[in-house]
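Student: Could you pick one part of this protein and take me through it up close? I'd also like to see how that part fits into the whole thing.

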Amino acid sequence: MELKYILFGVLLCYSAGSVLCTANSGANGKTKKLLAALSNLRGKVLSGVFGGYNNHGGEIGFSLDQANRINQYTGKSPAVYGIDCSPGWLTAAAYHEADIIECMHPQAVEYANRGGFITVSHHLPNPQYAGNRNKDGDGAFKTNITNTEFAAILQEGAPQRNRWWNMMEKIAKGLQGYKDRGITVLYRPLHEMNGDWFWWGALQDESQNGERQRLYKLLWQDLFYFMQKKGLDNLLWVWSPDQSRAFKTNYYPGDNFVDIVGLDGYVDNPTQIQGYDEISRLGKPFAFAEVGPSTTNGQFDYDWFVKTIASKYPKTVYFMPWNAEWSPVNNKNPWGAYNNGIVLNLGELRVR
């Protein structure tokens, strides 16, 4: 089955605030068409899987292994393929934090050229710490920072600002590589912000989180405007809080800065995912941007997960299982998931 989606420009953005309007009004035609296609899947959902971390080796390093193994098990290949280009547990020399980041990968380009859609995420280095090294000498992406330290990232002349700027420059260089090859990127930075496990996320002291929410929105908007000024018209911006934590929409950067909303969630029972109604009410296309089992014993049933999408989360436009022990091929019933009648796999949605 192949769905061809071809729209003319006059149809792409028919009213302010419409889900068919890209957050970046200057987005290129192909990017606008992809958002329009995602907004009109009418009960279909794109399959996905996470391909790994760029600039990193081993099982979790980025490759096409996940796509190849899913094809071996199911006869299908995922429509959406994920790459994370900032393994923030690594360290660097001071003011070389951006060296940890590398967003371009030729195999991601190859996958896009085969008809896939690429999503790019980050586990970003911590700009509070020179070399991304916390007091213990470890990579600091999971080291909390205070609101005062967070605010310094947005303060001109502060060392935190300079490190953040260098990171944005390096990210933009990689995203430009996809633009040069005509590839739209589903760009998902600063995820799971309502949890307290990443430096950009919530604080354990809930009394401080009103200010943290304000600063988070400013940081997202800072990144958005930076990429816009760089001329990166090939991005659809994906915002995804964690399903298990409250205050999800308190961190929402605003309709003018987000194209796709979603949830990240690791659950053993997919019927118990929290926040679908809250997030889908934002009126943007909805995705399960990062999913998998919470108990990694190989017993998660991905067929059940897709059937639950159909019955409980029908506005979902794509789902992105993580790799390694969370992967469909390391759990149960990948064949049923990728061969479900609602699922569109590689090459079955064409946008041009």
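Tutor: Let's start with a word we'll keep using: two residues are in contact when heavy atoms of theirs lie within 4.5 Å. Keep in mind, too, that this is a predicted model. With that word in hand, here's how the protein chain is put together: among contacts with a separation of 6 or more, 75% join residues that are 24 or more positions apart.

Now a quick look at the whole before we zoom in. The protein chain has nine helices and 12 strands, and its C-alpha trace spans about 55 × 50 × 40 Å along the principal axes. A compact globule of 352 residues would have a radius of gyration near 20 Å, and the protein chain has 19 Å, so the two agree. Of those 352 residues, 60% count as buried. About 13,400 Å² of the protein chain is exposed, and carbon and sulfur atoms supply 48% of that area.

For the close look, let's go to Leu-90. You'll find Leu-90 in the loop between β4 (80-87) and α3 (106-113). Is Leu-90 buried, partly exposed or exposed? Buried means under 20% relative accessible area and exposed means over 50%, and Leu-90 comes out at 27%, so Leu-90 counts as partly exposed.

Next, what does Leu-90 touch once we leave aside its neighbours within four places in sequence? The list is Asn-55, His-56, Ile-100, Asn-132 and Gly-139. Set that beside another pair: Lys-76 is 14 residues from Leu-90 in sequence, yet their C-alpha atoms are 34 Å apart in space. Keep that pair in mind when you trace the chain on screen, and click on both residues to see it.

One of the contacts of Leu-90 deserves a stop of its own: Asn-55. Asn-55 sits in another loop, the one between β3 (48-53) and α2 (65-74). At 39% relative accessible area, Asn-55 falls between the two cut-offs, so Asn-55 is partly exposed. The backbone is the curious bit. Most residues other than glycine have a negative phi. Asn-55, however, has a positive phi, near 65 degrees. Phe-247 gives you another example, with a positive phi near 60 degrees. Phe-247 is in the loop between β7 (235-239) and β8 (260-266), and its relative accessible area is 41%, so Phe-247 is partly exposed as well.

Let's move on to some aromatic rings. What kind of aromatic pair do Phe-50 and Tyr-53 form? Out of 33 aromatic pairs found in the whole structure, the pair of Phe-50 and Tyr-53 is edge-to-face, at 5.1 Å centre to centre with 80 degrees between the planes. Phe-50 has 1% relative accessible area, so Phe-50 is buried, and Tyr-53 is at 8%, so Tyr-53 is buried too. Both belong to one aromatic cluster, whose members also include Trp-89, Phe-141, Phe-150 and Phe-198.

Phe-198 leads us to one more loop residue, since Phe-198 is among the contacts of Asn-144. Asn-144 is in the loop between β5 (117-123) and α4 (147-152), and at 30% relative accessible area Asn-144 is partly exposed. Beyond its close sequence neighbours, Asn-144 also touches Tyr-129, Asp-196, Ala-202 and Leu-203. Gly-201 is 57 residues away along the chain from Asn-144, but their C-alpha atoms are 8.0 Å apart.

For contrast with those loops, try a strand residue. Tyr-187 lies in strand β6 (residues 185-188), and its relative accessible area is 0%, so Tyr-187 is buried. Its contacts beyond four places in sequence include Val-120, His-122, Ile-171, Leu-223 and Trp-237. The C-alpha atoms of Tyr-187 and Leu-223 are separated by 11 Å, even though the two residues are in contact.

Back to where we began, then: Leu-90 is partly exposed at 27%, and Leu-90 touches Asn-55, the residue with the positive phi.

Notes. Residues numbered from 1 in each chain as written. Predicted model: local features only at pLDDT ≥ 70, side-chain atom pairs only at ≥ 80, totals over all residues. Heavy atoms only, no water. Helix = DSSP H or I, 4+ residues; strand = E, 2+ residues; numbered from the N terminus. Rg over C-alpha atoms; globule rule 2.2 N^0.38 Å. Buried < 20%, exposed > 50% of the residue type's maximum accessible area, 1.4 Å probe, protein only. Areas by Shrake-Rupley, 256 points an atom, 1.4 Å probe, with all protein chains shown as cover. Phe/Tyr/Trp six-rings, centres within 6.5 Å; stacked < 30°, edge-to-face > 60°.
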